[in-house]
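I opened a new page for this chain and wrote down what I looked up, in the order I looked it up.

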Amino acid sequence: MRYAAKLSLAVGAILASIAGSPFARADTTVNVTLQDASSGGNLEGMKMTATPDSVKSGRVTIHATNQSQGLVHEVIVARAPANGAKLPYDEKTGRVIEKRISDLGEVSDLPPGKSGALTLTLAPGNYLLICNQPNHYKAGMWTALTVSH
Ligand SMILES: [Cu+2]
């Protein structure tokens, strides 16, 4: 074997070992669907689904798709309050009080049928994904995301 070939094999082995290390994890994508009664099926309230709903820490892309036929939806990523407490909520506006939550980023105001994405670096912990269009959170448009080590 010629020296150059040996060298490239060695480099390949090193790259393979890096790829297998926890420092070179591929980005993770969480697909989030946003649905209401206009989306088809027999959904009465509103629904947000995250797939998967549990990921490893690091860079996570939230890819949101609004499957509604008529309503704007959105996804706000927030740290879940400690000890299972509820998010601060304003009954008058029908919205979670955004300035009182740890809002890490959002895919805002997605028109019906549209998709959008957001990439965040998430530490281990419990997160909530919510839609904060008026009354949507209360109608069930939120879901949990767990980030592990
Ligand atoms: Cu919504």
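Contact, in these notes, means heavy atoms within 4.5 Å. With that I looked at contacts in the chain between residues at least 6 apart in sequence, and 72% of them join residues at least 24 apart.

I noted the ground rules next. The model is predicted, so local features need pLDDT of at least 70 and side-chain atom pairs count only at pLDDT 80 or more, while totals for chains, interfaces and linings use all residues. Residues are numbered from 1 along each chain as its sequence is written, and side-chain values use heavy atoms, with hydrogens and water left out.

Entry: overview. I looked up the secondary structure and found one helix and 11 strands. Helices (H or I, at least four residues) and strands (E, at least two) are DSSP runs, numbered from the N terminus. Along the sequence the pattern reads α-β-β-β-β-β-β-β-β-β-β-β. I also looked up burial: 32% of the 149 residues count as buried. Buried means under 20% relative accessible area, exposed over 50%, and partly exposed in between (1.4 Å probe, protein chains only).

Entry: the sheet. Which strands form the open sheet, and in what order? I found four, in the order β2-β1-β4-β9, with mixed pairing. Its edge strands are β2 (47-51) and β9, each of which pairs on one side only. Two strands pair if DSSP finds at least two bridges between them. Strand β4 (residues 58-66) runs antiparallel to β9 and is joined to it by eight bridges. Across these strands, His 63 stands opposite Ala 117 in β9, and Thr 65 stands opposite Ser 115 in β9.

I then followed the side chains of β9. In a regular strand the side chains alternate between the two faces of the sheet. In β9 (residues 115-122), Gly 116, Leu 118, Leu 120 and Leu 122 point to one face and are buried. Ser 115, Ala 117, Thr 119 and Thr 121 point to the other face and are not buried.

Entry: the copper ion. Which atoms coordinate the copper ion? I listed His 73 (ND1), Cys 131 (SG), His 136 (ND1) and Met 141 (SD), at 2.0 to 2.3 Å. Donors are N, O and S atoms within 2.8 Å of the metal (3.2 Å for Na, K and Ca); water is not among the atoms, so sites may look incomplete. The angles among the four donor atoms are 90 to 135°, and the site is tetrahedral, a label that four donors get if all angles lie between 85 and 135 degrees. The spacing of the donor residues in sequence is H-x57-C-x4-H-x4-M. Both Cys 131 and Met 141 are buried.

Entry: aromatic rings. I found two aromatic pairs. Rings of Phe, Tyr and Trp (its six-membered ring) pair if their centres lie within 6.5 Å; planes under 30 degrees apart count as stacked, over 60 as edge-to-face and the rest as tilted. Tyr 89 and Tyr 137 form a tilted pair, 5.9 Å centre to centre with 40° between the planes. Tyr 89 lies in strand β6 (residues 89-90) and Tyr 137 in the loop between β10 (125-130) and β11 (142-148), so this pair ties together parts 48 residues apart in sequence. Tyr 137 is buried at 16% relative accessible area, whereas Tyr 89, at 21%, is partly exposed. The rings of Tyr 137 and Trp 142 have centres 6.3 Å apart and planes at 45°, so that pair is tilted. Trp 142 is partly exposed at 39% relative accessibility. I closed the page with Tyr 89, Tyr 137 and Trp 142 as one aromatic cluster.

Note on methods
Four donors count as tetrahedral if all angles lie between 85 and 135 degrees; four count as square planar and six as octahedral if opposite donors are over 155 degrees apart and all others between 65 and 115; anything else is irregular.
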